[in-house]
Amino acid sequence: RRYAGRELTRDSTCIFQVSSSAPRCVCRVRAATVEQRKRWLPRPWGKKFLRPTPFVMGEGLGEKTPIMPVVPRRLPAKQATPGLPKHQGGANTSLLAFFAACATMLSMFLVVTHIAPGAPTDLASLSGADAAVVFERVGPDAVEVVWQGAASSPPRGTMFLAHGCNHAATDFFPRCAQCPKCTGLPEETALVGKARARGYAVVAVSSVGRCWSGAADVPRVKRAIDAVVAKNVHLAGKPVFAFGVSSGGAFVGILPFFTAVDGIIAQISSVRLPKLDNFSLAEELRAQGGRGDFPPVVFSHMARDELTGKLIDGAKKYLERMGTPVRITELSPLPIHDGFFAARIHAASGDGLGAVGVGGAGGAIGAETSAAMAGALRQADMLDARGFLAEDPRASNWRDALEPLAAADSLQPDKSALSEVLNVAYALHEVSSDRFDEDVTWLEVKAEEAKAGRLGVVDAAAGAAAGGAAPAPRATIPRRAAA
């Protein structure tokens, strides 16, 4: 308080601060003598602390260099008799300390010799048909990650799955001992099964909020993928594909700006791309930490969603103008036949995910129950003459017709297996596993072509450096004139 806000000299000011331990004065000094500095230092509190050592101004300290007070230290013990140990235990304590150190070194040796050096963390335990589901929280902010190794070993790559709004990573895997929070909705578990069958380790991450946020979720997803790859030694250097639904589809569209992604599938969503004012797309990608080229894109689009279809058409023109391969897959409405529910809502054991059922509807739906459900919808006039849903399930009263046959299903939006597969049948806005294999096959081909192109550019550059022909300049979009 004595020096708070007080101008000590013409060229210095001492600012009063309060820390967790004790008040202190922090002085920013332009020029000072040793005697001035002695007076400015805070007085120690209590008799058990030494007076701080005076600060001597040295060379290289500028006008804004903060001069911090020396941390108070306790008075040293009285000087002991020369030649004897300085602690009070005497020579016997030194001998005990010596034996304790030897015992510690011996125990460390026994532990280290039982660890197999360089043992791989992949293969049998993390890959294969019986690979377990892993639920964990990664990093200081406890990112919720659920992942599972590929069904084959060694794995082919990594498949990141981004859920839609009001969903989470736990929707992609059925409830099991390793993931008691998991719910295992039917379309999500089917996606996981197909990706694993193709040789990909599947990684799902829960967003921070109800929907995905680029600023908040990008570093969390990068951290989660890096953590999984670090535990699976055979994933290093392999392709990374990203699949996203709705909000997740928009999110995977911005991932290439921040990390290396070999291909994306944006389902029932377009992608948000920057308007080029001063930089080309490649320059934007490199500036944010990406690889420099936008990866191949698949737009998995539902036929009834006209608004998203228009956005996808615009994004397709833009990406193709930038040289990015684009594929559009249309998901058409599905007829509700007697075997529809049995085919869409099944036990997850067939996908190598465990024997627990999916969707919160008591596991697999049998053929008889499936036929009864289809008949109930027909009787309620919810199907047209060809078996297609006459109304959007998000607004119709299908629950009144199916509730007596689905006592174990919650029938709640975004949580019910029946709700999800009916939305798929209507083909307006829902996650779907249909045509996923086609889309991934196309991405694999385009990713290989892009990789070969990058290697060709590197080889051409190396040849030019060695005296060969120079590579063709990279095409960029002309910068727009200032308004």
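The following conversation walks through a predicted model, covering its sheet, its disulfides, one covered helix and its nonpolar cores.

Student: Let's start with the sheet. How many strands form it, and in what order?

Tutor: Eight strands make up an open sheet of mixed pairing, and the order is β4-β5-β7-β6-β8-β9-β10-β11.

Student: Which strands stand at the edges?

Tutor: The edge positions belong to β4 and β11, which spans 326–331. Each has a single partner strand, so one side of β4 and one side of β11 have no neighbour in the sheet.

Student: By how many degrees are neighbouring strands turned against each other?

Tutor: On average the turn between neighbouring strands of this sheet is 20 degrees, with direction ignored.

Student: Back to β4. In what sense do β4 and β5 pair?

Tutor: The pairing of β4 with β5 (residues 143–148) is antiparallel and runs over six bridges. Within this pair of strands, Val134 stands opposite Trp147 of β5.

Student: Which helix lies across β4 and β5?

Tutor: That is helix α4, residues 214–231. Besides β4 and β5, α4 lies across β6 (157–162) and β7 (200–205), and its angle to β5 is about 40 degrees.

Student: I am looking at Glu136. Where does it lie?

Tutor: Glu136 is part of strand β4, which covers residues 133–138.

Student: Is Glu136 buried or exposed?

Tutor: Glu136 counts as buried, because its relative accessibility is 15%, and the limit for that label is under 20%.

Student: What does its side chain make a polar contact with?

Tutor: The partner is the side chain of Lys231, at 2.5 Å from the side chain of Glu136. Lys231 also appears among the residues in contact with Glu136 once neighbours within four places in sequence are set aside; the others are Val143, Glu144, Val145 and Trp147.

Student: New topic. How many disulfides does the structure hold?

Tutor: There are two disulfides. One is formed by Cys165 and Cys211, with 1.8 Å between the sulfur atoms. This link is right-handed, with 125 degrees about the S-S bond.

Student: Which parts does the pair of Cys165 and Cys211 tie together?

Tutor: Cys165 sits in the loop between β6 and α3 (186–197), while Cys211 sits in the loop between β7 and α4, so the pair ties together parts 46 residues apart in sequence. Cys165 counts as partly exposed at 22% relative accessibility, and Cys211 is likewise partly exposed at 22%.

Student: And what does Cys179 join to?

Tutor: A disulfide connects Cys179 with Cys182, the S to S distance being 1.9 Å. The torsion about that S-S bond is about 80 degrees, so this disulfide is right-handed. Cys179 and Cys182 are both buried.

Student: What is the pairing in sequence order?

Tutor: With the bonded cysteines of the protein chain numbered in sequence order, the pairing is 1-4, 2-3. Cys176 takes part in no disulfide, and the nearest cysteine sulfur, belonging to Cys179, is 5.6 Å away. Cys176 counts as buried, at 17% relative accessibility.

Student: Now helix α11. How many of its residues are buried?

Tutor: Ten of the ten residues of α11 (residues 417–426) are buried. Among them are Leu418, Glu420, Asn423 and Tyr426.

Student: What covers the buried residues of α11?

Tutor: The covering elements include α3, β10 (297–302), α8 (340–344), α9 (367–379) and α10 (398–402).

Student: What happens at the start of α11, and what follows the helix?

Tutor: At the start, a side-chain oxygen of Ser416 comes to within 3.2 Å of the backbone nitrogen of Leu418. After α11 comes Ala427, which has a positive phi near 65 degrees.

Student: Last topic: how many residues has the largest nonpolar core?

Tutor: The largest nonpolar core has 37 residues, and those with the most contacts inside it are Val145, Phe160, Val205, Leu255 and Phe299. The elements giving two or more residues to this core include β5, β6, β7, α4 and β10.

Student: Which element gives the most to this core?

Tutor: α4 gives the most, with seven residues.

Student: What does Phe299 touch?

Tutor: Leaving out residues up to four places away in sequence, Phe299 touches several residues, including Ala266, Val271, Ile312, Leu319 and Ile328.

Conventions. Residues are numbered from 1 along each chain as its sequence is written. This is a predicted model: local features need pLDDT of at least 70, side-chain atom pairs count only at pLDDT 80 or more; totals for chains, interfaces and linings use all residues. Side-chain values use heavy atoms; hydrogens and water are left out. Helices (H or I, at least four residues) and strands (E, at least two) are DSSP runs, numbered from the N terminus. Buried means under 20% relative accessible area, exposed over 50%, partly exposed in between (1.4 Å probe, protein chains only). A polar contact is a pair of N or O atoms within 3.5 Å; within protein, one must be able to donate a hydrogen and the other to accept it, and residues adjacent in sequence count only if both atoms are side-chain atoms. Contact means heavy atoms within 4.5 Å. Two strands pair if DSSP finds at least two bridges between them. Axes are lines fitted to C-alpha atoms, for helices over the stretch in contact, and angles run from 0 to 180 degrees between N-to-C directions. A disulfide is a pair of cysteine sulfur atoms within 2.5 Å. A nonpolar core is a set of buried Ala, Val, Leu, Ile, Met, Phe, Trp, Tyr and Cys residues joined through side-chain atoms within 4.5 Å.
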